[in-house]
Amino acid sequence: MARTLVVVGAGPGRGMGVARAFGRKGFRIALIARTKDRLDTQVAELAGLDIPAAAFPADIRDRDALAAALAQATETLGPPDVLDYGPGPSGPITHAVQTTAASATAQFTLYTLGAITAVGQVLPDMLARGSGTLLFTTGPAATTAAPSEANAGLAMAALRNYAHSLHAELAPHDIHVGTVTLTAPPKTPEAADTLGDHYYALHDRRTPPETTLTPTGTTSRPPA
């Protein structure tokens, strides 16, 4: 039976590396991001690799638009077996002393509320099926204070906490939740592919609940 991966925050680097890795394993790919033209290019690239894919443009910060895109992806490709949530930075990144309620809210909307919205859309089908994987990507500021990225760090730390809470609650239901701290984005397609293979392994092996990866997919610290 065909399986479906939905990539929320589908950029040309990490996101496409994950899409290619899962596509090579027989997954259909749903790509969600803001820019339609870029998504169309990525779908064409995957089609050239004989990977079935479709684009569902949406601004992740618009929760109604994100929910609608995920519903459309489910209708088109079937209920997602794997959710990959990993948007790139968007909006002003503020130092700690410059962080305001507005700048913090903007990052919470992107990282945390977007993730909660995405999970709310895909989790009911996973629970009904009794299987599924939720993967979330953050940066180093999620685990280590970074004064120059204070508002993003707050939001990513909240996303990491949410992922750990989901893992604890969903493991008995055979739904795997993993959080990845990516130290930097991959700089080449080859590095993105290697990274994507590691993401597939996190899904396939269903462990660990947390890991830190370098841009080439090397584990930079032992999993907790």
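Is Asp-81 buried or exposed? In this predicted model, Asp-81 is buried, because its relative accessible area is 16% and the cut-off for buried is under 20%. The legends below start from this residue.

**View 1. Asp-81 pairs with Arg-129 in a salt bridge.** The closest N and O atoms of the two residues are 3.8 Å apart. The pair links distant parts of the chain, as Asp-81 sits in the loop between α3 and β4 while Arg-129 belongs to helix α4, 48 residues apart. Unlike the buried Asp-81, Arg-129 is partly exposed, with a relative accessible area of 34%.

**View 2. Arg-14 and Asp-84 form a salt bridge between a helix and a strand.** Here the N to O distance is 2.7 Å. Arg-14 comes from helix α1 (residues 14-24) and Asp-84 from strand β4 (residues 82-85), so this contact ties together parts that lie 70 residues apart in sequence. Both Arg-14 and Asp-84 are buried.

**View 3. Arg-61 meets Asp-59 in a salt bridge.** Their side chains come together at 3.1 Å, N to O. Arg-61 is partly exposed, its relative accessible area being 32%. Asp-59 is also partly exposed, at 25%.

**View 4. Arg-20, Glu-45 and Asp-193 belong to one salt-bridge network.** These residues are joined by salt bridges that share partners. Over the whole structure, the search finds nine salt bridges.

**View 5. Helix α3 packs against helix α4.** The axes of α3 (residues 63-77) and α4 (residues 101-129) are 10 Å apart and make an angle of about 35°. The crossing of α3 past α4 is right-handed. On the α3 side, the contact is made by Arg-63, Leu-66, Ala-67, Leu-70, Ala-71 and Thr-74. Their partners in α4 include Thr-109, Leu-113, Gly-114, Thr-117 and Asp-125. Sorted by class, the contact of α3 with α4 holds seven nonpolar, five polar and two charged residues.

**View 6. Helix α6 has the span expected from its number of residues.** With 17 residues (189-205) at 1.5 Å a residue, α6 should span 24 Å, and its end C-alpha atoms are indeed 24 Å apart, so the two values agree. Among the buried residues of α6 are Ala-191, Leu-195, Tyr-199, Tyr-200 and His-203. Just after the helix comes Arg-206, which has a positive phi, near 65°.

Technical notes: Residues are numbered from 1 along each chain as its sequence is written. This is a predicted model: local features need pLDDT of at least 70, side-chain atom pairs count only at pLDDT 80 or more; totals for chains, interfaces and linings use all residues. Side-chain values use heavy atoms; hydrogens and water are left out. Helices (H or I, at least four residues) and strands (E, at least two) are DSSP runs, numbered from the N terminus. The expected span of a helix is 1.5 Å times one less than its number of residues. Buried means under 20% relative accessible area, exposed over 50%, partly exposed in between (1.4 Å probe, protein chains only). Axes are lines fitted to C-alpha atoms, for helices over the stretch in contact, and angles run from 0 to 180 degrees between N-to-C directions. A crossing is left-handed if the near helix is turned anticlockwise from the far one by less than a right angle, and right-handed if clockwise. Contact means heavy atoms within 4.5 Å. Ala, Val, Leu, Ile, Met, Phe, Trp, Tyr, Cys and Pro count as nonpolar, Asp, Glu, Lys and Arg as charged, and the others, Gly among them, as polar. A salt bridge is a side-chain nitrogen of Lys or Arg within 4 Å of a carboxyl oxygen of Asp or Glu.
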